[in-house]
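The following exercises treat the architecture of one protein model. Each task is followed by a solution that proceeds step by step.

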Amino acid sequence: MKNMFSLLWFFILFWFTGSIYAQDNKERIIDSLFKSSSEIYFRINVQSRSDVDLLTKIISIDDYKGNEIHAYANRKEFTRFLGYHYNYTVLPHPGTLIKEADLNMGKIQKDNKNQTIWNFYPTYQQYLNFMSGFASSYPAICKLDTIGTTVQGRLLLVLKISDSVNVDRGVPQFFYSSSMHGDELPGYVFMLHLIDSLLSGYGQNPRITNLVNHYQIFINPLANPDGTYAGGNITVYGATRYNANGVDLNRNYPDPDTLNGPHPDGNAWQPETIAFMNLADNTHFTMSMNFHSGSEVFNYPWDTWQRNHADSLWWKFVGREYVDTVHHYGPSGYFTELNNGITDGWAWYQVIGGRQDYTTYFTHGREVTLELSYDNTLLTNQLLNYWNYNVHSFLNYIEESSYGINGKVIDSITGLPLRAKILIPSHDMDSSFVYSSLPSGWYFRLIDQGTYNITVSAPGYFPKSIAGVVVSRHSTTRLNLKLIPTNPGGIRNDIVRNFPLAFPNPTDGVTQLRFPENSGTTAQFEMFNSSGISVLSKQFENVHGTSVPLDLRQFAKGIYFLRLQTGNTLYEEKMVIK
Ligand SMILES: [Zn+2]
């Protein structure tokens, strides 16, 4: 008995020192891996899809093929990953694969028409110079905006190209953005090249002239400059996937699935994320695409859900068009990953908190993640080749945004444009409906060929249904709509947006509802969730100039819209429950 007892003690002691040793060893591995870099790149062998579903919540998967995952992790993510005891192999970081001398950093050459030859990676300062140079050389069709600054104070720039840069006159608003993963670089150079081609081709090339005249094209070549220039402003050698806080920006967005919520990665929204969320809020993009590399595939929503998007047939059609065109101009074998170059995001691997799903769900947009090349950073002598494989698709894809059903929604009496919800009742789901946007009153409902019944509604107006709307591919079904106001005099509401209805806002759920001085005797209050569904409605009497407590703790975190109708004035405000 005594012997047994000693034996037991021996085992306990052995297990204890063993685990201390293992702990110590783990710390040493982590220290050495993260000694000279903030993130690492590695390969993991997995048994099945369930491993992928688990790991995508812990580390940042870049590719999943066969039984191998390629992924990135920062120190915190990797520490957590080690707890799951997968076999892994650390690989050279993709941002260091091409020798600095071979990156052609900043080597600008011009052709015989004095056009830049886009076969180099620009320094940060050259990037700024190109962007401001475009705007100053073509002021009539090009406008430069700074939509935010990064963690390290670099600029997030968006160029708007249109023959009406300062007016919203009801044309599709299209957005290209690249390199939110800072070490995925071909799209960065391609977007500068595309801007250059659109501006210099205007008035010369009929197709480009048509694009500039009939679309508003927004281009952000570099969504994560801190990552791209992690090695310093004069080189992209040492570029990182993550931003300067070590956060993967493509996992940092609110996720459509309420189980994942507004901060699915456990990080605060990064300055870069907030800048793009504000941009998407203020501009109603009909379609958008964000460029990556690491694979060769057109990846459409949803990334977060296994179920199909309501418009998955449309996605497959436009994806096929993009990829077939690439196949026509590219060499055999290029852009054939997954289903010959196309995949539904979830079918490849689940991404939670990605920008594609955020834009598609919360802003009623249509965003695709496009993987341009297996190599994160292309050799500079390949940049013009890959550009040639893709440029026709870049132009086609912008043109797709004017097809489907579109038109203008107005008040039947005043003729003024309205913000109305365009719903296809037996078709729309998961927030796939769209709104007409103000000030133009135009909406763009992209949809596959077919015959649809449409319902149009706006607060203060009788809803309207239109049956049998026929849509064909590559064509536009124009459907202008008039809504009849419900108030008999037909008096239009003046919409006020600069009166803070809720204070504080953002709120943790306990806030005050404020009433303007000039409120009428009655005030009708309504709160809508981000899908436009009314979730709270209250009526108040004789409250002008006062405020009342508003307890919203039963509502999920997220973005809401508040609306207060009093007299003929409508107050609107966006509110965040955090
Ligand atoms: Zn990426």
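**Exercise 1. A small sheet and its loop**

How many bridges join β24 to strand β25 (residues 510-514), and in which direction do the two strands run, parallel or antiparallel?

*Solution.* Begin with the basis of the numbering and of the model. Residues are numbered from 1 along each chain as its sequence is written. The model is predicted: local features need pLDDT of at least 70, side-chain atom pairs count only at pLDDT 80 or more, and totals for chains, interfaces and linings use all residues.

Step 1. Helices (H or I, at least four residues) and strands (E, at least two) are DSSP runs, numbered from the N terminus. Two strands pair if DSSP finds at least two bridges between them.

Step 2. β24 and β25 are joined by two bridges and run antiparallel. Within this pairing, A502 stands opposite L513 of β25.

Step 3. The two strands belong to an open sheet of three strands in the order β24-β25-β28, with antiparallel pairing. Its edge strands, each paired on one side only, are β24 (502-503) and β28 (547-551).

Step 4. Examine the loop between β24 and β25, where P504 lies and where P506 is also found. The peptide bond joining F503 and P504 is cis, with omega about 0 degrees. A cis bond also joins N505 and P506, with omega about 5 degrees.

**Exercise 2. Backbone angles and a hairpin**

Identify the residue in the loop between α12 (355-362) and β14 (367-371) that has a positive phi, and describe the hairpin of β2 and β3.

*Solution.* Step 1. Most residues other than glycine have a negative phi, and most peptide bonds are trans.

Step 2. H364 lies in the loop between α12 and β14. Its phi is near 55 degrees, a positive value in a residue other than glycine.

Step 3. Strand β2 (residues 60-65) and strand β3 (residues 68-74) run antiparallel and are joined by five bridges. Y64 has I69 of β3 as its bridge partner.

Step 4. Two residues separate β2 and β3 in the hairpin, and G66 in the turn has a positive phi of about 60 degrees.

**Exercise 3. The eight-stranded sheet**

Give the strand order of the open sheet of eight strands, and name its edge strands.

*Solution.* Step 1. The order is β7-β8-β10-β9-β11-β14-β12-β13, and the pairing is mixed.

Step 2. β7 (142-149) and β13 (342-344) are the edge strands, each pairing on one side only. From one strand to the next, the twist averages 20 degrees.

Step 3. At the β13 edge, three bridges join β13 to strand β12 (residues 297-300), and the two run parallel. Y300 stands opposite D344 in β13.

**Exercise 4. Helices packed on α13**

Describe how α9 and α5 each pack against helix α13 (residues 380-400).

*Solution.* Step 1. Two packed helices are described by the angle between their axes and the distance between the axes. Axes are lines fitted to C-alpha atoms, for helices over the stretch in contact, and angles run from 0 to 180 degrees between N-to-C directions.

Step 2. The angle between α9 and α13 is about 155 degrees, and their axes are 8 Å apart. The two helices are therefore roughly antiparallel (an angle over 145 degrees).

Step 3. The crossing of α9 and α13 is right-handed, the near helix being turned clockwise from the far one by less than a right angle. Residues in contact (C-beta atoms, placed from the backbone, within 7 Å) include V318, Y322 and Y329 of α9 and Y389, H392 and Y397 of α13. This contact has six nonpolar, six polar and two charged residues. Ala, Val, Leu, Ile, Met, Phe, Trp, Tyr, Cys and Pro count as nonpolar, Asp, Glu, Lys and Arg as charged, and the others, Gly among them, as polar.

Step 4. Helix α5 (residues 186-201) crosses α13 at roughly 60 degrees, with the axes coming within 10 Å. This crossing is right-handed. The contact is made by P186, V189, F190, H193 and L194 of α5 with L383, Y386, W387, N390 and F394 of α13. Eight of these residues are nonpolar, two polar and none charged.

**Exercise 5. Domain 2 against domain 3**

State the domain division, and characterise the contact of domain 2 with domain 3.

*Solution.* Step 1. The protein is divided into domain 1 (25-91), domain 2 (100-400), domain 3 (404-483) and domain 4 (494-577); the bounds come from an automatic or database domain assignment.

Step 2. The C-alpha centres of domains 2 and 3 lie 28 Å apart. In the contact, 17 residues of domain 2 meet 19 residues of domain 3.

Step 3. On the domain 2 side, helix α9 (residues 312-329) supplies the largest share, three residues. That side comprises eight nonpolar, five polar and four charged residues.

Definitions and conventions. Contact = placed C-beta atoms within 7 Å. Parallel < 35°, antiparallel > 145°, perpendicular 65-115°, else oblique.
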